[in-house]
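Work through these exercises with the model open beside you. Try each task before you read its solution.

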Amino acid sequence: MATKLLWVDDEIELLKPHIIFLKAKGYDVETVNNGNDAIDMVHENDYDLVFLDENMPGLTGLETLSKIKEHSPSLPIIMITKSEEESIMEEAIGSNISDYLIKPVNPNQILLALKKNIDHKRLQSERATINYQQEFRQIGMTLGGRLNAEEWKDVFKKLVYWELELEKTDDESMFEILQMQKKDADQQFCKFYEKNYRDWLHDKSDEKPLLTHKLMEEKVFPHLGKEPLFFIVIDNLRYDQWRTLRPLLFDYFRVEEEELYYSIIPTATQYARNALFSGMMPSEMERRHPDLWKNDEDEGGKNMFEKEFLDINVQRQALDIKTSYNKITTQQAGRKLNDNFANLLQNDLNAIVYNFVDMLSHARTDMKMIKELADDESAYRSLTKSWFEHSPLKDLLIKISESGAKVVITTDHGTTKVDNPIKIVGTREINSNLRYKRGKNMKYTDKDVFEIKNPKDYFLPQQHVSTKFVFAREDSFFAYPNNYNYYVQHFRDSFQHGGISIDEVLIPVVLLKKK
């Protein structure tokens with residue numbers, strides 16, 4: 001179907017050469033010579049774009065623009081004007097024109113404006129598809145090699161980049177190919193992680209990446225200085241979600257550093273976030289601070305002492321600083337913290353945990369409406385973006401930018417969308433997490449899991465001699481045979497964490513400075 005245009009100009013007869021040119025290019029062009037007729041035409045027809053003269057007798061171009069936008073707010077309008085007065089341009093742009101041209105216009109200007117405002121999505125889609133086709137082979141060849149920890153981060157960044165680019169296109173087949181390539185990468189990454197993780201923990205590798213328990217020492221404490229430093233931990237924040245939020249901060253911050261680091265396992269809040277704040281691995285926390293560490297089978301919250309662990313970490317680093325710690329789980333708590341912003345500026349380090357993304361993933365599992373709103377990963381990113389745009393966290397970040405303070409944003413682990421149920425049998429004492437299990441006398445198929453028979457060797461708590469940890473890989477999740485159908489129906493296609501996957505393990509840490 002031809003693109004349908006409306007051209008509004010009181011001297012429309014003088015524009016016949018332009019009209020003929022556009023029709024020859026395949027555009028369907030209708031014309032009127034006044035604002036009132038233009039408004040009627042827009043009410044009666046569906047146009048893809050309107051060319052609108054700014055200086056017309058009777059209803060002016062700006063008045064016509066306002067009336068058209070009332071009826072069709074998303075209709076692209078290109079203003080054509082003889083005037084270069086700044087006030088007219090500002091008023092037109094403030095009224096949401098898509099573009100403007102200065103008379104006299106030539107055919108190439110008109111064609112360029114049309115392609116920019118109508119064909120740009122198709123052109124960008126075609127270009128993205130071609131570019132990914134070219135890089136598909138290169139990524140595939142890279143995955144066929146023996147990658148180290150840094151190279152895996154580069155591959156993951158590329159896959160996320162193309163995921164975000166291709167979701168903007170209409171080429172579903174190419175997007176499916178990307179998902180297959182990402183699935184292949186996830187499978188190989190899990191093998192790489194399992195093969196090397198123990199050596200990283202025991203300093204037996206020259207290519208040891210940054211792990212959770214070293215994050216504050218390497219990425220937070222070095223940035224302490226004259227200005228306050230805000231350390232914001234957004235629970236469950238995946239790298240693709242961060243890349244979706246990042247443009248919303250461009251007006252306020254410069255991204256000074258953006259890296260990926262490796263989460264410890266289990267990629268669960270109880271283990272990863274406590275390790276993040278304490279600077280210790282789980283078995284070290286259990287041994288040194290049994291009053292603060294909670295095991296899976298212990299009653300009560302497992303992350304009740306993050307502030308205390310932070311203080312311990314600061315003391316161990318011999319830092320003479322004033323700190324604060326806040327955990328935000330409601331909008332009201334977020335607004336209250338923002339109201340107290342002046343007091344936060346009196347601290348050297350302000351640690352703030354935002355739990356919303358974690359609650360969103362749980363709500364998506366338990367509430368049908370939320371699951372329908374976030375049916376796939378693209379929609380899940382969109383829902384996260386929508387929350388952030390209207391959240392107290394964004395307001396807080398704007399305040400931080402205005403104050404000139406620095407910000408480190410990170411997370412404790414990511415999540416992965418699970419699809420493949422694997423059976424496991426165990427006693428009632430086994431923990432409830434769907435991506436890892438800890439306990440005795442568990443029965444499972446060895447090839448389905450990553451098994452840790454000696455938890456202490458991986459700096460994990462070991463309550464009994466026979467205690468083991470098992471982890472689900474890639475998109476798998478654990479289900480009990482005696483309630484198998486319930487687990488499959490309720491948890492399939494949900495976002496979970498605790499296991500080993502590229503989305504759970506490779507997570508962002510970002511340093512922001514005021515522009």
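The exercises below go from the whole chain to charged pairs and then to backbone details.

**Exercise 1. Take stock of the whole protein.**
Task: State what secondary structure the protein has, what its C-alpha trace spans, and what share of its residues count as buried.

Solution.
- Step 1. Note that this is a predicted model.
- Step 2. Count the elements: there are 20 helices and 19 strands.
- Step 3. Take the extent along the principal axes. The C-alpha trace covers about 90 × 50 × 45 Å.
- Step 4. Turn to burial. The protein has 515 residues, and 53% of them count as buried.

**Exercise 2. Follow a salt bridge between two helices.**
Task: Find the salt-bridge partner of K158 and place both residues in the fold.

Solution.
- Step 1. Look for the partner. The side chain of K158 meets that of E135 in a salt bridge, at 3.7 Å from N to O.
- Step 2. Place the two ends. K158 sits in helix 6 (residues 149–166), while E135 belongs to helix 5 (residues 107–143).
- Step 3. Check the spacing. The residues are 23 apart, and the pair links distant parts of the chain.
- Step 4. Classify K158. Its relative accessibility is 37%; buried means under 20% and exposed means over 50%. K158 is therefore partly exposed.

**Exercise 3. Explain a long-range tie.**
Task: Why does the salt bridge of E167 with R381 tie together parts that are apart in sequence?

Solution.
- Step 1. Recall the principle. Side chains of opposite charge can pair when their charged atoms come close.
- Step 2. Check the distance. The closest N and O atoms of E167 and R381 are 2.4 Å apart.
- Step 3. Place the residues. E167 is in the loop between helix 6 and helix 7 (172–201), and R381 is in helix 17 (residues 377–389), so the bridge joins parts 214 residues apart in sequence.
- Step 4. Look at the surroundings of each end. E167 is partly exposed at 31%. R381 is buried at 2%.
- Step 5. Widen the view. E167 and R381 belong to a salt-bridge network that also links E163, K182, R238, D240, E377 and D503. The structure as a whole holds 39 salt bridges.

**Exercise 4. Sort a pair by exposure.**
Task: E451 and K453 form a salt bridge. Which class of exposure does each residue fall into?

Solution.
- Step 1. Confirm the pair: the closest N and O atoms are 3.8 Å apart.
- Step 2. Take E451. At 24% relative accessibility, E451 is partly exposed.
- Step 3. Take K453. At 56%, K453 counts as exposed.

**Exercise 5. Find a charged patch.**
Task: Name the residues that gather in a patch of negative charge on the surface, then place E207.

Solution.
- Step 1. List the members: E151, D154, D206 and E207.
- Step 2. Place E207. It is in the loop between helix 7 and helix 8 (215–220).
- Step 3. Classify E207. With 48% relative accessibility, E207 is partly exposed.
- Step 4. Compare sequence and space for D206 and E165. The two are 41 residues apart in sequence, and their C-alpha atoms are 35 Å apart.

**Exercise 6. Trace the contacts of buried acids.**
Task: Which side chains make polar contacts with the side chains of D99 and E306?

Solution.
- Step 1. Start with D99, in strand 5 (residues 99–102). D99 is buried at 14%.
- Step 2. Find its contact: the side chain of K116, at 2.9 Å.
- Step 3. Go to E306, in helix 12 (residues 306–316). E306 is buried at 1%.
- Step 4. Find its contacts. The side chain of E306 contacts that of R273 at 2.7 Å. It also contacts the side chain of N303 at 3.0 Å.

**Exercise 7. Check the backbone.**
Task: Where are the cis peptide bonds K103 to P104 and I265 to P266 placed, and what is phi at A318 and E474?

Solution.
- Step 1. Take K103 and P104. Omega is about -5 degrees, and P104 lies in the loop between strand 5 and helix 5.
- Step 2. Take I265 and P266. Omega is again about -5 degrees. P266 is in the loop between strand 7 (253–262) and helix 10 (269–278).
- Step 3. Take A318. Its phi is near 60 degrees, a positive value in a non-glycine residue. A318 is exposed at 68%.
- Step 4. Take E474. Its phi is near 50 degrees, also positive. E474 is buried at 17%.

Methods: Residues numbered from 1 in each chain as written. Predicted model: local features only at pLDDT ≥ 70, side-chain atom pairs only at ≥ 80, totals over all residues. Heavy atoms only, no water. Salt bridge = Lys/Arg side-chain N within 4 Å of Asp/Glu carboxyl O. Helix = DSSP H or I, 4+ residues; strand = E, 2+ residues; numbered from the N terminus. Buried < 20%, exposed > 50% of the residue type's maximum accessible area, 1.4 Å probe, protein only. Patch = residues over 30% accessible without salt bridge, like charges linked within 9 Å, V, L, I, M, F, W, Y side chains within 5 Å. Areas by Shrake-Rupley, 256 points an atom, 1.4 Å probe, with all protein chains shown as cover. Lys, Arg positive; Asp, Glu negative; His and termini not counted. Charge placed at Lys NZ, Arg CZ, Asp CG, Glu CD. Polar contact = N/O pair within 3.5 Å; in protein donor to acceptor, adjacent residues only side chain to side chain.
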